[in-house]
Amino acid sequence: MLVTGASSGFGAAIARHFAENGWRVVACARRADRLRQLVDRHGNDHVHAAAFDVRDEAAMRGALDALPEGFRDIDLLVNNAGLALGTAPAQHADLAQWRQMIDTNVTALVTLTRMLLPRLIERRGAIVNISSISGTYPYKGGNVYGASKAFVTQFSLGLRTDLHGSGVRVTSIEPGMAETEFTLVRTGGDRAASDTMYRGAHPITATDIADTVWWIANLPAHLNVNRIELMPVSQSAAGLQVARDS
Ligand code: NDP
Ligand code: 8X3
């Protein structure tokens, strides 16, 4: 299996869970030192570290071409790498941050998927895309992040349609609030903001998502989970707003 964003949060938990259970894992991210820890823990036979920026198409292709024997036959792709940057309203947002979210969450995801599709079809494999509830429920400051995740969900449904009859399974996982490095990244490293976000909320954990991916990957071959939405019990949708006399 190949998982992007394996240096932290969901991706690291997914890589660990699959490696612990005997799968061969190609672990991708930019932070090579974090990937090295996975290799050290699980061994070269179970984890191959592929350090590259998913926005760099040539580096992505180079990493796939350089996969060692034993890691080339990918039958599960977990498109997990992604990020939110900022919470400013659209009219004040930083365009560079918008572009980085689109490049990472959308363009890189479709690029990697397209590169691996022939192998996945050959092996009747599976694709799990990590989307988000923000693609379904808008919230203030979610603008481009939520739109990028709506793309991921819809792309997953489109893939299902195009791959009809191929035996390839496609799932969109749509989590709500989960405690990872997500808020640290979103706020530019504000630890207090991250702690405040999760305090008392009993958020989803990275292990919860790894367990979900594991469950999906190990379902009988005739079953496809199209979409799955998960939230902490403490979170729910807040509805509509009205600006009177505006
Ligand atoms: P983390 O910040 O903990 O992990 C994000 C991962 O993405 C890191 O491993 C990071 O690796 C990788 N990544 C980011 N940019 C790049 C890049 N340009 N090239 C390669 N890898 C990159 O956050 P989460 O684990 O929470 O996020 C994982 C996914 O889950 C994301 O798609 C996120 O949108 C989604 N999600 C998160 C939720 C949450 O509340 N936490 C809820 C719903 C969805 P590195 O920096 O080493 O490159
Ligand atoms: C991350 C979940 O609700 O913070 O995708 O947007 S949320």
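User: Happy to start with ligand 2 in this predicted model. How far does a polar side-chain atom of Tyr-139 lie from an oxygen atom of ligand 2?

Analyst: Good place to begin. The pair joins a polar side-chain atom of Tyr-139 to an oxygen atom of ligand 2. A polar contact here needs N or O atoms within 3.5 Å. The distance for Tyr-139 is 2.6 Å.

User: How much of the area that ligand 2 exposes when taken alone does the protein bury?

Analyst: Taken alone, ligand 2 exposes 240 Å². Of that area, the protein buries 84%.

User: Thanks! How do the residues of the shell around ligand 2 divide into nonpolar, polar and charged?

Analyst: The residues around ligand 2 include Ile-133, Gly-176, Phe-182 and Gln-235. Ser-132 and Tyr-145 also belong to the surroundings, and each places a polar side-chain atom 2.6 Å from an oxygen atom of the ligand. The shell divides into four nonpolar, four polar and no charged.

User: Moving to the protein interior, which residues have the most contacts inside the largest nonpolar core?

Analyst: That core has 33 residues. Helices α1 (9–20), α2 (32–42) and α8 (206–217) each supply at least two of its residues, as do strands β2 (25–29), β4 (76–79) and β5 (126–130). Those with the most contacts inside the core are Ile-14, Val-25 and Val-78.

User: And which residues does Ile-14 touch, not counting residues up to four places away in sequence?

Analyst: Ile-14 is one of the residues with the most contacts inside the largest core. With those sequence neighbours left out, Ile-14 touches Met-1, Val-3, Val-78, Ala-210 and Val-213.

User: How many residues does the other core, lying apart from this one, have?

Analyst: Among its members are Ala-63, Ile-74, Ala-108 and Met-115. This other core has 24 residues.

How values were computed:
Residues numbered from 1 in each chain as written. Chains lettered and ligands numbered in written order. Predicted model: local features only at pLDDT ≥ 70, side-chain atom pairs only at ≥ 80, totals over all residues. Heavy atoms only, no water. Near = heavy atom within 4 Å. Polar contact = N/O pair within 3.5 Å; in protein donor to acceptor, adjacent residues only side chain to side chain. Areas by Shrake-Rupley, 256 points an atom, 1.4 Å probe, with all protein chains shown as cover. Nonpolar A, V, L, I, M, F, W, Y, C, P; charged D, E, K, R; others polar. Core = buried A, V, L, I, M, F, W, Y, C linked by side-chain atoms within 4.5 Å. Buried < 20%, exposed > 50% of the residue type's maximum accessible area, 1.4 Å probe, protein only. Helix = DSSP H or I, 4+ residues; strand = E, 2+ residues; numbered from the N terminus. Contact = heavy atoms within 4.5 Å.
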